[in-house]
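Visitor: Could you walk me through this model, one question at a time?
Guide: Gladly; here it is.

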Amino acid sequence: MMLVVYSTSYCIAFDKTGQMTKVSPELVDEPQMQIVRSVSTDVTLLNNQFPTYKLGPNFEVLQETKEDNKGPPLKEVVEEETNRLTEQHNRLSVRDLASKFDKNLSAAAKLSNEAKIREAPSLEGHVLLKKLRDSLELLKGRLTGLNKEDIEIAISLVEALAVRLTQNEGELIQEKFEVKKLVNFLKQASEDAKRLVNQERSFACAEIESARAVVQRIGEALDEEERNSPTSAKQEMEGLLEAVQEARRIKLLHQPSKVMDMEHELRALRIQIREKSTVSFKLQKELAMSRRAGQNKSEFYELSGSETLGSILRVQSCSDEAIDVSKCSIQWYRLSSECSRREPIVGADKFVYAPEPIDVGRLLEADIVSNGQKVSLTTTAPIDPESGLGSYVETLFRKSNIEFSVVIAQMNGRNYSSRSAHCFHVGKTKLKLGKGWITKARDSYSGSMQLCGFRGGGNSAAKSLFWLPRKGHSFVLVFESEKERNGALMAARKYAMDCNVILAGPDDDALL
């Protein structure tokens, strides 16, 4: 059984399942159908096809959704535009932000107009459903039996459609509220952006005007200076031209070959001057010694040896009547260049003494006491540095590890029986003495450590040093050469000074 409702422009048919279809007026009448003319003739539809609905359980109306090719819904457009504005807010300039707000404001106004247009189909839908329900109620009073049941089903479908339409209207109102809210926000943001643009424009104009004023003042000052001193500028230019011409003349005169010849001549002259100064210094020392010998003919002792670092000074008798120096009491002293202060060298009580780096630039004096008589011998000049020692120490500092091959002469004040070679390591924080895997001593720099030249005499005194790592533990080490011994002393004292430790011999701290 099918129920068909006709109007002037279309017809609506309901089957037993409750599904509504649109039928054209040219359909042929079927014998099973009962035809009833529509009461309303002024209902219009905007779409060419009426929506298809299904009757679900408990007479719930379900609408079959179809793909809409008109574009995304209004809510998605609003959300997408809002997210895009939020992402680009931090990287837009004030001017771009203002133009962007204007564009979004026009887009929001367009969306608002579209929402207003969508209100018309909603009103027409309510009118259509009301007229359709009136028609079905009129038919219900005229029909009986199964036809009446179909009419009741159709009425329930129409009522469900009305409820669904009301829900859609609620969603539309919510979307309209969000659109209005977005429009207001964009309007406010656009006004703020325009205000910021105007403010920044005014600031920029003010800065430009101030900059122009400064440039104008500077230009006026330069013009005034040029007007006041035209002669000085000309003189300065002439001086520059003369300097350039002189430089060109000197460059032409000094060709590479001439310069090399002059350098060779200068080098030869320097070598000759150095040799002559050395000879002159030796002659001055010999003259001073001869004068002292002439003045002190009655003295029985004298100092022999070169007065330079790396040599050995000896006290020797110069008269047959003198007592042997080995039977005399001897004490060595350090004197300042002005001889104003005399410091005793602790432990230097032999007739042989080897100067160490701390003695450079100072006079040395030896007191000889024999038979109750005291004789003092002083060097003729301060101790000179060893030739090439400075460059040798610089080479040592460029190495990653400073190590020397040494022989232990004494340990703890006693002669050491083994004469095998050991390794003496001078580190930045500590000193180490060992042989292979065996370590004799290893201590960090401290105030109790002592390191100085050996003061106990002997023919190898210039190559020996005294090392006291800690109290009760001492070594006398013999190096392969005097330069290595002095280099080790200077390197160890430099590293100890970097650790805020003064490394010297007994009672030598004041000198450093």
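Guide: Before we start, two strands count as paired if DSSP finds at least two bridges between them. Please also keep in mind that this is a predicted model.

Visitor: Which residue in the turn between strand 17 and strand 18 has a positive phi?
Guide: Strand 17 and strand 18 (residues 438-444) run antiparallel and are joined by 6 bridges. The two strands form a hairpin with 2 residues between them. The residue in that turn with a positive phi, about 65°, is Gly436.

Visitor: Which residue of strand 18 stands opposite Leu433?
Guide: Strand 17 covers residues 430-435, and its 6 bridges to strand 18 set the two in antiparallel pairing. Across from Leu433 in strand 18 you will find Ala441.

Visitor: How many residues lie between strand 16 and strand 17 in their hairpin?
Guide: Strand 17 also pairs with strand 16, in the antiparallel sense and over 4 bridges. Val426 stands opposite Leu431 of strand 17. In this hairpin the number of residues between the strands is 3.

Visitor: Is Thr439 buried, partly exposed or exposed?
Guide: Thr439 belongs to strand 18, and among residues beyond four places away in sequence it touches Lys432, Leu433 and Gly434. Its C-alpha atom is separated by 9.6 Å from that of His422, 17 residues apart along the chain. With a relative accessibility of 37%, Thr439 counts as partly exposed.

Visitor: What kind of aromatic pair do Phe424 and Trp467 form?
Guide: A pair of aromatic rings is described by the distance of the centres and the angle of the planes. For Phe424 and Trp467 the centres are 5.6 Å apart and the planes make an angle of 70°. Planes over 60 degrees apart count as edge-to-face, so the name for this pair is edge-to-face.

Visitor: How many residues apart in sequence are the parts that the pair of Phe424 and Trp467 ties together?
Guide: Phe424 lies in strand 16 (residues 421-426), whereas Trp467 lies in strand 20 (residues 464-470). Phe424 is buried at 0% relative accessibility, and Trp467 is buried with a relative accessible area of 0%. The pair therefore ties together parts whose separation in sequence is 43 residues.

Visitor: Which residues form one aromatic cluster with Phe424 and Trp467?
Guide: The count of aromatic pairs comes to 6. Phe424 and Trp467 belong to one aromatic cluster, and its other members are Phe404, Phe475 and Phe479.

Visitor: Which are the edge strands of the open sheet with the order 10-9-12-13?
Guide: This open sheet has 4 strands with antiparallel pairing. An edge strand here pairs on one side only, and that description fits strand 10 (342-344) and strand 13 (373-378). Neighbouring strands of the sheet are turned against each other, direction ignored, by an average of 30°. The edge strands, then, are strand 10 and strand 13.

Visitor: What lies opposite Leu335 in strand 10, and which ring does the charged end of Arg342 sit over?
Guide: Strand 9 (residues 329-335) pairs with strand 10 in the antiparallel sense over 3 bridges. Opposite Leu335 in strand 10 stands Arg342. The charged end of Arg342 is 3.9 Å from the centre of the ring over which it sits, that of Tyr333.

Visitor: Which residue in the hairpin of strand 12 and strand 13 takes a positive phi?
Guide: Strand 12 (residues 363-370) pairs with strand 13 in the antiparallel sense over 6 bridges, and Ala366 has Leu377 as its bridge partner in strand 13. The hairpin has 2 residues between the strands, and a positive phi near 55° belongs to Asn371.

Visitor: Is Arg455 buried or exposed?
Guide: Arg455 sits in the loop between strand 19 (450-453) and strand 20. A polar atom of its side chain lies 2.7 Å from the backbone oxygen of Val346, and residues that Arg455 touches include Arg334, Asp349, Glu356 and Asp508. Its relative accessible area is 6% and the limit for this class is under 20%, so Arg455 is buried.

Visitor: Which residue in strand 8 does Ser304 stand opposite?
Guide: An open sheet of 3 strands has the order 7-8-11, with antiparallel pairing; its edge strands are strand 7 (301-304) and strand 11 (352-353). Strand 7 pairs with strand 8 (residues 313-317) over 4 bridges. There, Ser304 stands opposite Arg314.

Methods
Residues numbered from 1 in each chain as written. Predicted model: local features only at pLDDT ≥ 70, side-chain atom pairs only at ≥ 80, totals over all residues. Heavy atoms only, no water. Phe/Tyr/Trp six-rings, centres within 6.5 Å; stacked < 30°, edge-to-face > 60°. Buried < 20%, exposed > 50% of the residue type's maximum accessible area, 1.4 Å probe, protein only. Lys NZ or Arg CZ within 6 Å of the ring centre and 35° of its normal. Axes fitted to C-alpha atoms, helices over the stretch in contact; angles between N-to-C directions. Polar contact = N/O pair within 3.5 Å; in protein donor to acceptor, adjacent residues only side chain to side chain. Contact = heavy atoms within 4.5 Å.
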